[in-house]
Amino acid sequence: MKMNGAQILIECLKREKVEMIFGYPGGAVLPIFDKLYDAPIKFILVRHEQGAAHAADGYARATGKVGVCLATSGPGATNLVTGIATAYMDSIPMVAITGQVKTHLIGNDAFQEADITGITRPVTKHNYLVEDVKDLALIIKEAFHIASTGRPGPVLIDLPSDVQLQETEFEYPDKVSIRGYNPTYTGHPGQIKRAAKAISDSKKPILYVGGGAVASDASEEVRALAINNEIPVTMTLLGLGAFPGTHELSLGMLGMHGTPYANHAIMDSDLIVAIGARFDDRVTGKIDAFAPHAKIVHIDIDPASVSKNVDVDIPIVGDAKKILKELCAQAKKPDTKAWLAKIAEWKKAYPLKYKDDNALRPQYILEQIYEATKGEAIICTEVGQNQMWVAQFYNFTRPRTMLSSGGLGTMGYGFPAAIGAQLGNPGALVFDIAGDGSIQMNIQELATAVANKLPIKIAILNNYYLGMVRQWQELFYNHRYSYTCLNAPGAEPDFVKLAEAYGAVGMRITDKKEVRAAIDKAIATDNTVIMDFRIEREENVFPIVPAGEAMNKMIGGGLA
Amino acid sequence: MRHIISILVENKFGVLARISGLFSARGFNISSLAVGETEDPKVSRMTIVVQGDDKTLEQIKKQSNKLIDVIKVVDYKEGDFLDRELILVKISVAPKTRKEAIEAIESVGARIESAGDKSLCVEATGDQTKIKTLLELLKPFGILEVVRTGRIAMDITGRGLKSDGKPEVNE
């Protein structure tokens, strides 16, 4: 059947079982929008293209499916870039479609022209400029294949407006074969055998679990490996939820703002089994001092992640789920009694703590949100102190419930991501934990949330500061708060009125005693809610490992 | 340390930008880069001379391999390859030095491709030793301009790369 490019795009998205697209119209995508008008695909109209990219990302993280976003050429496309880069750094499957000026105008500095394939080359897994409508169906098939397989990531398709109108015979390929792209899924049997032996021989093993375990849907296998062999588990920010934070073998998050016991355990371990984690600088601290006695097993689907930052003794390239199944079958339970006893001592001696007084402290709010939601909510975070307090004080029990920009650290991510997560999980309770800085980076999406009747609960931990940067200025820049105070108290935007202006519900909480009731009321409200928590202004995230220090040199962790 | 890396890529629009972008984004140092079609017009070969320690080289290979349009990456080991570079050198000559210059050029098997009153254009093809020797011999006359293609290399062990990324002979 003959179809034009826009029709082919819609037809291909249907074949890829795309339920919804997040996006924003514009001149160079008019033919696509004309076909979307009566297409059986839900279109979520955001208020800024950055919101579309983050929402597609949040949808992908919460559901495991490929997120799709669509924007026009030029500024529409460049507005997607931060969201694409965010997804790239965290290996999130996404297909971004952009309009482009007509092919004969490309390179002429035409109106709303931007070289978006050039701009996104370093932040996409792959990208395409479609020059001929005959290539379109295959390109879309390849894009979804590349985005969702191997180490997932965003793929961009730039579609000139004349190609959208060109006609060709439509045929959707059933499979793709790309000679330069063949991800390895099955781990090398010899390496798995060596890893199993290393586990069996270890005395102080630890599992270090990252976002790759979530991407590979391997939490069941992580549980089995940990519990059957009595091995403690620590997680990266993106790994949270891959192993239940409530389990006694969980040490919570490690790294710069990790728990003292996780950091001490990894530094003291004799075997680290890294599962879909990449030894990021926020996790290793000073690299030469990292885990000096440990043998390292590294399971990762991306060979380039192995031995990139630390030297690995037993690399296993492949799918974490498959490899862990094999490892579970082969590993003999090591004797970790003494090790677990030592960790229990650390847990007892150095718990995460905060001042329990009458002040309204963010940690208390998060504990209350945790209790009110029984750890079952999908929690999106912004970036900064709010993000770290979530990681420390909300015990995630299931994968795909913690949505946060880990790699790129994008302020303004959480709220649009919550929109995507809520649309992907209509029955779920979805929170965005924000700061007063980051919420203002994509606040316009309140209109999207309200228009789509999304009962997202936004908790602003409002301290009038860019809290994390202020904290660094306090600790490392001699209290010189250079441009980190957004508004003096009294001159701040009124978030309650702002919520109401958009048709959402606003609440202000200034007293510790009001916290739980406010959270319960927000949960019971069938609308988007902003809770403006006026927290203790100079509360810090502790412990903290100063940048470039060894992981056991924590400030405020009780460990010297 | 210098390495010669041979990369087979899909002969598509933008591939060179992907490779050079990757190298610059990750801080890999390119000494030279030469690109051309292979026996299969859908496949190009890039020969890249890079500098770096073993760890950097490992990352270069792995990161290049991650690019979808890259079919195969090979790091040539010493003694396993034949390499050549083409160089054009323009030197200044005076009537007094002309004869001496011509002798120097011929002594290394280079050729004069264009001759003017005050200058000579010299062409040479060879390995790095030959090219270095030529440049040293010509230096005293005054080098006005140098244009080099960058090195290209070919496997001589029989395990080399055909354009489909498969070895010539099965091991």
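Let's start at Tyr483(A), which is exposed, with 9 other C-beta atoms within 10 Å. Tyr483(A) also has a positive phi of about 55 degrees, and it is not a glycine. Keep in mind that this is a predicted model. Below is a quick tour of the backbone oddities, two strands of chain A, the nonpolar cores, and then chain B and its contacts with chain A.

**Backbone oddities**

- Most residues other than glycine have a negative phi, and most peptide bonds are trans.
- Tyr483(A) sits in the loop that links helix H19 (467-476) and helix H20 (495-501) of chain A.
- Arg400(A) is another non-glycine residue with a positive phi, about 65 degrees here.
- You'll find Arg400(A) in the loop between helix H16 (385-393) and strand S16 (402-403) of chain A.
- Is Arg400(A) buried or exposed? Arg400(A) counts as buried because it has 21 C-beta neighbours inside 10 Å, and the cut-off for buried is 20 or more.
- Tyr483(A), on the other hand, counts as exposed because its 9 neighbours fall within the limit of 12 or fewer.
- There is a cis peptide bond from Phe542(A) to Pro543(A), with omega near -5 degrees.
- Pro543(A) belongs to the segment that follows strand S20 (529-534) of chain A.

**Strand S19 and its partner S20**

- Side chains alternate along strand S19 (residues 505-509) of chain A. Val505(A), Met507(A) and Ile509(A) point to one face and are buried, while Gly506(A) and Arg508(A) point to the other face and are not buried.
- S19(A) and S20(A) run parallel and are joined by five bridges.
- Which residue of S20(A) is the bridge partner of Gly506(A)? That would be Ile530(A).
- Put helix H21 (residues 515-524) of chain A together with S19(A) and S20(A), and you have a right-handed β-α-β unit.

**Strand S12, covered on both faces**

- Strand S12 (residues 271-275) of chain A has five of its five residues buried.
- On one side of S12(A) are Leu271(A), Val273(A) and Ile275(A), and on the other are Ile272(A) and Ala274(A); both faces are covered.
- S12(A) runs parallel to strand S9 (residues 205-209) of chain A, with five bridges joining the two.
- Strand S13 (residues 295-300) of chain A is also parallel to S12(A), again joined by five bridges.
- Ile272(A) has a partner in each of these strands: Ile206(A) stands opposite it, and in S13(A) its bridge partner is Ile296(A).

**Nonpolar cores**

- The largest nonpolar core holds 208 residues, and Cys69(A) and Val222(A) touch the most other members.
- Leaving aside neighbours within four places in sequence, what is Val222(A) in contact with? Its contacts include Leu207(A), Val209(A), Phe243(A), Ile275(A) and Leu324(A).
- A second, separate core has 13 residues, among them Ile91(B), Ala101(B), Ala110(B) and Val122(B).

**Chain B and the contact with chain A**

- The domain assignment splits chain B into domain 1 (2-76) and domain 2 (82-148).
- Taken over C-alpha atoms, the centres of domain 1 and domain 2 of chain B are 30 Å apart.
- How many residues of chain A are in contact with chain B? There are 14, and they meet 15 residues of chain B.
- The side of chain A that touches chain B is made up of six nonpolar, five polar and three charged residues.

Methods
Residues numbered from 1 in each chain as written. Chains lettered and ligands numbered in written order. Predicted model: local features only at pLDDT ≥ 70, side-chain atom pairs only at ≥ 80, totals over all residues. Helix = DSSP H or I, 4+ residues; strand = E, 2+ residues; numbered from the N terminus. Contact = placed C-beta atoms within 7 Å. Nonpolar A, V, L, I, M, F, W, Y, C, P; charged D, E, K, R; others polar. Pairing = 2+ DSSP bridges. Right-handed = clockwise from strand over helix to strand, strands pointing away. Core = buried A, V, L, I, M, F, W, Y, C linked by C-beta atoms within 7 Å. Domains from an automatic or database assignment.
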